Structures are given as C-alpha cells and as structure tokens.
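Q: I've got this structure open on my screen and I'd like a close look at a single part of it. Could you walk me through one helix and its surroundings?

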Amino acid sequence: MKFKTQKQGLLNGTSIVQNAINPRGALPILSNILLEDYQKTLRLISTDLDICVSYSLVVDSQEDGAITVPAKRFFDIIRELPEGEVSVTTKKNNMVTIESQNCLFKIMGLPKEDFPKLPEFKDKEAIKIEQGVLKEMFALTSFAVSHDEARYILNGILMKIKKNALTLVATDGRRLAIIERKIDFNSTKETQAIIPLKTIQELLRNLNEEKELSLVMTHNQALFDMGQTTVISRLIEGEFPDYQQVVPAPAEDKIIVDREPFLLAVKRASLLATPDYQAVKMEVFKNRMILSKSTPDIGESREEVEVEYQGKEMVIGFNPSFLVDALKNLKIEKVCFEIAGADKPGVIRTDNNYIYVVLPMRLS
C-alpha cells in the first residue's frame, strides 16, 4: 500500500474514527485503525465490536493495499507533522512508513486479516432522513437515556419508523422524552430498534445540518451512511417498555412561560443544589411562578418569573438538571409547561410533536 494525501484530511478522518475505540479493549487489534487504500479512495475504519466508524477520502494512490496501525500513535504523529502532503507506505513485516517534508516515522502495524470483519447490508432497503432533523431529534431525547447498566434496555433510544413518521423515545424511569417527525418514507410495516447511547453520541458529533443520511436496519445492526462518514452499530436487544401509558393527558390549565428566563432561573436555583438536596421548589400562582432553593448549611435563593396561568395554586419540586436538559435544547420562545397537581409529573409539550415528562421530587 502506498498513497499521498494532505495532512488535514488525514488528520480529520483519523480524529473521527478513533472516537469509536475503547481504550480498555481486550484485543490489541481493537486499538488499531484499519487503513484500506483501494482505487484512489482511502477508508479509515475503527471498531469496538459494538460500534464501527469509517471515514473515506480521495487520495493519490500508487499501490492498493491495507494495514492496521495503532490509533492513538498514528493520530499523534499525523497531528504533529508539518502542514502539507503526507506519504504513507507499507513495507515488509507490517512496517508503516509516514513521510512529510523532512520528517520520517516508522511504526509497526498489524495485518488486515486480524481486524474484525464488518457486517454487510446488501439488498436492504435504505431510509433517507435529513441529517439536521435527526440531529435535532437526538438532541431533544438523548439526555433522558438511562446510564444504569442493570436496566440495559433503557441504555439507548427507541427508534420507530411507521408509514412516513419517525419517532424517538428515551427514558431513565424518572423522565421520558418523545419526539416525532415526518420523513419521506412510506411503508405499512413498522420498523423499530433500540440504538445505544454511544452510537447516538457518535452520530451527534458527525451529523451535518444540510445533508441527508441513509439508514439501513437489520434485526441486530443499523447502518447510518452520512457520505464521507459511516457508523455501523449493534442494536440493543429486548422489549422497550410501553411508554405511551405513562404520558399524562393534556392539563386544562397550562403554564406559558418565556423559555430563556425560565431556563436561567432554574439554572440559578440549581447553584445551591447538592446530591442530598437536589429538588428546586416551584410555587405557581396566578400569572407568576416563584423558584426557590434552600439547602441546609449552604444557603437559599428565591426568584420570581412571569407566566401566563389561571389555574389553582400549587407547590411542587423538580430536579433542576432534568428541566435544564430540555429547556436548553428547545428552539422555541415560549414553553407550555403542564402540572396537573403537586404530586403529578410536569409535562412540556410543543406544537411540533415533542413531549417531555418529568417526575416530581419530594421537597425536604
């Protein structure tokens, strides 16, 4: 294998694919990146056996071939090279030579045959989705994913596709986020899968606002083709809980509040929160809301926020982080916040099919 390319393109590709590598991987080969040079296209590939990330770029290829190189060392070398053209050549005994201007590095690689084979998605129907739409949907749901490994089924986002609707659902048992968007796809058959959080984070890093991606799913794998970058992920197997039964019916009296002042007030109240005293107190009156926080041996705060509300007065506590997660990702000026009672969940609903349900917390 022998090719030449510009440093920046090679550095970008290496930076993207090395995110998939688990530094504590059991197999030495999983710490390597596979370089495949074929017909003037270089593919960089990494995997931890659960997720695979590949990146393609056009190179000046003089000899096709493939080799794996230690990911971190290769990235560090490319990053420190002077700007300009880089030449990479495979020698005998898996020795890889990297040259740029007056610099020369030689590192040991491992043969391609040791690298895990990638799953194939031949003859599978591809679903086209706007990357900007999917990025927004992930941003409004991924924070609600559970990190409790004992509840592995909740360690990802449920993705449902039916007719021309794409629905994403995430929950950790204390909050629930649901979002639905129309897509250019028409099928009577419902397709659903649970996408692991690590895959979602990788996609969020690489999704481009202005392009489309192709999604292909099998019973245990999903492929997200974004053009230059492709992510292949193992799916979480199991039955996602019936989330629809825990979504409260719309409340009669709704609290309408400006999103930005509400977000900032919750953030300020959370400054006095501790692991033992997390809940922020929310007192709701006619056309005003008081957010307060009192923490023993720390201090207290109080702030009034204007709202549109004509319902009954109530006092309720919420985990401020749960409110901030949704408010900072919404792109709307006014938020409709529903609370049916002091012991009932808080619900944010938007006009474009987004629902966020948060369980209340006991006030100390």
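A: Let's take helix α2 and then work outwards to the sheet beside it. Keep in mind that this is a predicted model.

Helix α2 covers residues 71–80, and its buried residues are Ala-71, Phe-74, Phe-75, Ile-77 and Ile-78. Why do they sit on the same side of α2? Because they cover an arc of only 165° around the axis. The background is simple: an α-helix has 3.6 residues a turn, so residues three or four places apart point the same way. Now turn the helix over. On the face pointing away from the buried side you'll find Lys-72, Arg-73 and Glu-80, which are exposed.

What do the buried residues of α2 pack against? One helix is on the list, α1 (7–17), along with the strands β2 (32–38), β6 (65–70), β7 (85–90), β8 (95–100) and β9 (103–108).

Some of those strands belong to an open sheet of five, which runs in the order β5-β1-β7-β8-β9 with antiparallel pairing. At its edges are β5 (60–63) and β9, each of which pairs on one side only. From one strand to the next, the twist averages 15°. Over at the β5 end, β1 (residues 2–6) pairs with β5 in the antiparallel sense, over three bridges. If you want a spot to zoom in on there, find Lys-4, which stands opposite Asp-60 in β5.

Both helices we've met pack on this sheet. α1 touches β1 and β7, and its direction makes about 100° with that of β1. α2 touches β7, β8 and β9, and its direction makes about 175° with that of β9.

Following the chain on from α1, you come to Asn-19, in the loop between α1 and β2. Asn-19 counts as partly exposed because its relative accessibility is 32%. Leaving aside residues up to four places away in sequence, Asn-19 touches Lys-198, Glu-202 and Arg-205.

That brings us to helix α4 (residues 197–206), whose axis comes within 10 Å of the axis of helix α3 (residues 131–139), the two crossing at roughly 135°. That angle makes α3 oblique to α4, and the crossing is left-handed. Where the two helices meet, α3 brings Gln-131, Lys-135, Phe-138 and Ala-139, while α4 brings Ile-200, Leu-203, Leu-204 and Asn-206.

Note on methods: Residues numbered from 1 in each chain as written. Predicted model: local features only at pLDDT ≥ 70, side-chain atom pairs only at ≥ 80, totals over all residues. Heavy atoms only, no water. Buried < 20%, exposed > 50% of the residue type's maximum accessible area, 1.4 Å probe, protein only. Helix = DSSP H or I, 4+ residues; strand = E, 2+ residues; numbered from the N terminus. Arc of directions from axis to C-beta. Contact = heavy atoms within 4.5 Å. Pairing = 2+ DSSP bridges. Axes fitted to C-alpha atoms, helices over the stretch in contact; angles between N-to-C directions. Parallel < 35°, antiparallel > 145°, perpendicular 65-115°, else oblique. Left-handed = near helix turned anticlockwise from the far one by under 90°.
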